[in-house]
Amino acid sequence: SPCPSSGSRLSYHLDQVLGSTPLPLACDDILGLEEALLKLEQQHPRKAELVKLRFFAGLTTAHAAKALEISTTTAENDWAYARSWLRLEMSGGGRD
């Protein structure tokens, strides 16, 4: 299989990050996440940066807020929006 052995761990973590609704997470879905993040970045750069800090760097919401120089409340709102946006985009429900 071309998937790395850590794939199941990544799948589990992505489910935790994006919410309780399970997502299909084959290797191709990692590319889907990257594409969705690029689209999010075009429309909402700060929200995309927050996702990168939370998901890839492992920062807490409070630490990511500090890094982005925004309030924790704003970060929490952005995080909720970004998770829903990515979930919709990756499920094929997003608009181009």
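Q: What phi does Glu-69 take just after H4?
A: A positive one, about 60°. Glu-69 has this value although it is not a glycine. Helices here are DSSP runs of H or I with at least four residues, strands are E runs of at least two, and both are numbered from the N terminus.

Q: What is the general rule for phi?
A: Most residues other than glycine have a negative phi.

Q: Where does Glu-69 lie, and is it buried or exposed?
A: Glu-69 lies in the loop between H4 and H5. It is exposed, with a relative accessible area of 75%. Buried means under 20% relative accessible area, exposed over 50%, and partly exposed in between, using a 1.4 Å probe and protein chains only.

Q: What kind of model is this?
A: A predicted one, numbered from 1 along each chain as its sequence is written, in which local features need pLDDT of at least 70, side-chain atom pairs count only at pLDDT 80 or more, and totals for chains, interfaces and linings use all residues. Side-chain values use heavy atoms, with hydrogens and water left out.

Q: What is the average pLDDT?
A: The chain averages 79, and 67% of the residues score at least 70. pLDDT is the predictor's confidence in each residue, from 0 to 100.

Q: Which elements have the lowest and highest mean pLDDT?
A: Helix H1 (residues 7-18) has the lowest, 49, and H4 the highest, 96. Over residues 1-12 the pLDDT is below 50, and that stretch has five contacts beyond near neighbours in sequence. Contact means heavy atoms within 4.5 Å. Where pLDDT is low, the predicted coordinates should not be read in detail.

Q: Back to H4. Which of its residues are buried?
A: Thr-61, Ala-64 and Ala-65. They cover an arc of only 105° around the axis, so they sit on the same side of H4. The arc is that of the directions from the helix axis to the C-beta atoms.

Q: What covers them, and which residues are on the other side?
A: The cover includes H3 and H5. On the other side of H4, Lys-66 and Ala-67 are exposed.

Q: How far does H5 reach?
A: H5 has 19 residues and reaches 26 Å from its first C-alpha to its last, close to the 27 Å expected at 1.5 Å a residue. The expected span is 1.5 Å times one less than the number of residues.

Q: Which residues of H5 are buried?
A: Ala-75, Asp-78, Trp-79, Ala-82, Trp-85, Leu-86 and Glu-89. Seen down the axis of H5, its buried residues fall within an arc of 140°, so they line one face of the helix.

Q: Which residues touch the most other members of the largest nonpolar core?
A: Leu-37, Leu-40, Leu-50, Val-51, Ala-75, Trp-85 and Leu-86, out of 17 residues. Helices H2, H3, H4 and H5 each supply at least two residues of this core. A nonpolar core is a set of buried Ala, Val, Leu, Ile, Met, Phe, Trp, Tyr and Cys residues joined through side-chain atoms within 4.5 Å.

Q: What does Val-51 touch?
A: Leu-37, Leu-40, Phe-56, Trp-79, Ala-82 and Leu-86, not counting residues up to four places away in sequence.

Q: And Lys-47, buried or exposed?
A: Lys-47 counts as buried, at 15% relative accessibility. It lies in helix H3. Leaving aside neighbours within four places in sequence, Lys-47 is in contact with Leu-40, Asp-78, Tyr-81 and Ala-82.

Q: How many helices and strands are there overall?
A: Five helices and zero strands. Of the 96 residues, 30% count as buried.
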